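Colleague: Thanks for making time. Where should we start with this one?

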Amino acid sequence: MQEVQKLQPNSLDDWLPLTASRNGNTFSTVFHIVSSGIGIQALFLPVGFATLGWTWGIICLLTAFAWQIYTIWLLVHLAEPVPGTRYSRYMQVAKAAFGPKLAKSLCVFPVWYLSGGTCIMLIITAGADLETLYKIMCGGIATCEAKSLPGVVWCLLFICIAIVFSQLLPNLNSVLKFSKTGTVTAVVYVTLLWALTIRKGRANDVSYSRVEEGKSGMAKYANILNAIGTIVLAFRGHNLVLEIQGTLPSSKFNPSSQKMWRAVKISYMTIGMCSFPLALTGYWAYGNKVTAKEGLLSVFSQVHGHDTSRGAMGSIYLLQIINCLCQFQIYAMPAFDSLEFRYIFKKQQQCPRRVRAAYRFFFTGLISLLSVAFPFFPSLAPFMGGLTLPFKFSYPCLMYNLIKKPDQSGTLWWLNLGLGCFGIILSVMLVVATFWNLVTKGVHANFFSP
């Protein structure tokens, strides 16, 4: 049995998964950021262009990308706002800025949704990809495809593998091998997808006319806002920035912000080199064929699947499945950390291995049940994403003003205030637009039927 130690001052971070190991470096940080930053949402970037068109689509893409990097820069410098103080979790910074009660009201739901909700999306995506990969390997043979497992079983297969690996990874630094694999697989399958898209050329009946569903003014505005939301929400990872920075060593003369910001610049150069070609080539090749229900990979499979080798198609889906497995480990870690914190704080003891294993089984079991029970969860993701948008684009700006207190007559203070308010307004507009779409178009609620 693991030896249980009494809690000593300043030892709490040494026992929690996010901060138990602080021997990371710039390269390990790059792998963590890229692995968590390139996700399946990037495959839907061309959807925004289908409504906004070339000009406004590119403007929104550049704006969202720049806004993302700026708010990450703010978070990096909020990790150690004054000498002797270090925040390694988003909630800690929120409490310092807004106070404990308001911080819980504003940030508890986004923190848990961006951890658990992302894991649910990964399970659903990987389950569908496993089924598609099986059919690709069957080569169109009907008798082989008929033996395919039900969708629930494919999801459960992925879940079992994810649970086993989660038990072997005690802290965030131990996820490094998965982050390396996730980075490589993400870059390779995204690059392979947009390179094959260019090679195959544009579809015969491609159209670049803007998608305007519905005749009412509200329907048009809702489509535009949903397109903006698709682009804005494609960039993610704010809920992991401070946590990843927490794996870095820090000293008075060499604060962690220096290594972290260097890693952020390298990471987002990589993310941009993957996301921008994916958005531009996807819209160029398929126009408004790429819909919110069928991302770029689905459309590519439908249009060019018959004239693309099984090896190439299978490789793309296999790499995406591996990427989902790797991302699952890093996105689940904040939830593991929160569960173990409650035990340590209450018992004043280090979390034993059996308790840690039980917490991880509980979390993975819960999100597994939700992913199987609500396989239509991706259709609700834009609405949920709109609710969490201030967490990524507004709160960092407001927290910087409240904690760092820049000159109120200076540009930085007004810029943060303006971006913070605009992000909240945009969030409200996106929530209204996505709710309008859910009401008018409905949701195919296929419970327990992935």
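Modeller: With how elements are named: helices are DSSP runs of H or I with at least four residues, strands are runs of E with at least two, and both are numbered from the N terminus. This is a predicted model, in which local features need pLDDT of at least 70, side-chain atom pairs count only at pLDDT 80 or more, and totals for chains, interfaces and linings use all residues. Residues are numbered from 1 along each chain as its sequence is written, and side-chain values use heavy atoms, without hydrogens or water.

Colleague: Great. Where does glutamine 348 sit?

Modeller: Glutamine 348 is in the loop that joins helix 13 (310–347) to helix 14 (353–373). Its phi is positive, near 55°, although the residue is not a glycine.

Colleague: What sign does phi usually have outside glycine?

Modeller: Negative for most residues other than glycine. Lysine 405 is another non-glycine residue with a positive phi, about 50°. That lysine 405 is in the loop between helix 16 (395–404) and helix 17 (411–441).

Colleague: How accessible are glutamine 348 and lysine 405?

Modeller: Glutamine 348 is partly exposed at 35% relative accessibility, while lysine 405 is exposed at 61%. Buried means under 20% relative accessible area, exposed means over 50%, and partly exposed is in between, with a 1.4 Å probe and protein chains only.

Colleague: Let's switch to cysteines. How many disulfides does a search of the whole structure find?

Modeller: One. Cysteine 138 and cysteine 144 form that disulfide, with their sulfur atoms 2.1 Å apart; the cut-off for a pair is within 2.5 Å. The torsion about their S-S bond is about -60°, so the disulfide is left-handed.

Colleague: Are those two buried or exposed, or in between?

Modeller: Cysteine 138 is buried, at 4% relative accessible area, and cysteine 144 is partly exposed, at 23%.

Colleague: Why is there no bond at cysteine 274?

Modeller: The closest cysteine sulfur, in cysteine 326, is 15 Å from the sulfur of cysteine 274, which is too far for a bond. Cysteine 274 is buried, with a relative accessible area of 4%.

Colleague: And why none at cysteine 421?

Modeller: Distance again: the closest cysteine sulfur is in cysteine 397, 9.7 Å away and too far for a bond. Cysteine 421 is partly exposed, at 39%.

Colleague: New topic. How many cavities of 30 Å³ or more does the structure hold?

Modeller: One, and the space in it is about 60 Å³. A cavity is a set of points, on a 1 Å grid over the protein atoms alone, where a 1.4 Å probe fits but cannot get out, and lining residues have an atom within 4 Å of a point. Its volume is the space filled by probe spheres set on the points, which are joined across faces, edges and corners.

Colleague: Which residues line it?

Modeller: Among them are Ile33, Ser36, Arg236, His238, Met260 and Tyr268. Helix 2 (26–37), helix 10 (238–245) and helix 11 each give at least two residues to the lining.

Colleague: How well covered is helix 2?

Modeller: Mostly: ten of its twelve residues are buried, including Ile33 and Ser36. The cover over those buried residues includes helix 8, helix 10, helix 11 and helix 13.

Colleague: What about helix 11, how does its span compare with what's expected?

Modeller: The 31 residues of helix 11 (residues 256–286) should span 45 Å, and the end C-alpha atoms are 44 Å apart, which agrees. The expected span is 1.5 Å times one less than the number of residues. After helix 11 comes glycine 287, with a positive phi near 55°.

Colleague: Last one: what does asparagine 173 touch?

Modeller: Leaving out residues up to four places away in sequence, asparagine 173 touches Ser21, Arg22, Asn23, Gly24, His32 and Thr247, where contact means heavy atoms within 4.5 Å. Asparagine 173 lies in the loop between helix 7 (151–167) and helix 8 (176–200), and at 13% relative accessibility it counts as buried. Proline 17 is 156 residues away along the chain, yet the two C-alpha atoms are separated by 8.6 Å.

Note on methods: 1 Å grid on protein atoms, 1.4 Å probe; cavity = no way out; pocket = protein on both sides within 12 Å on 5 of 7 lines; lining within 4 Å.
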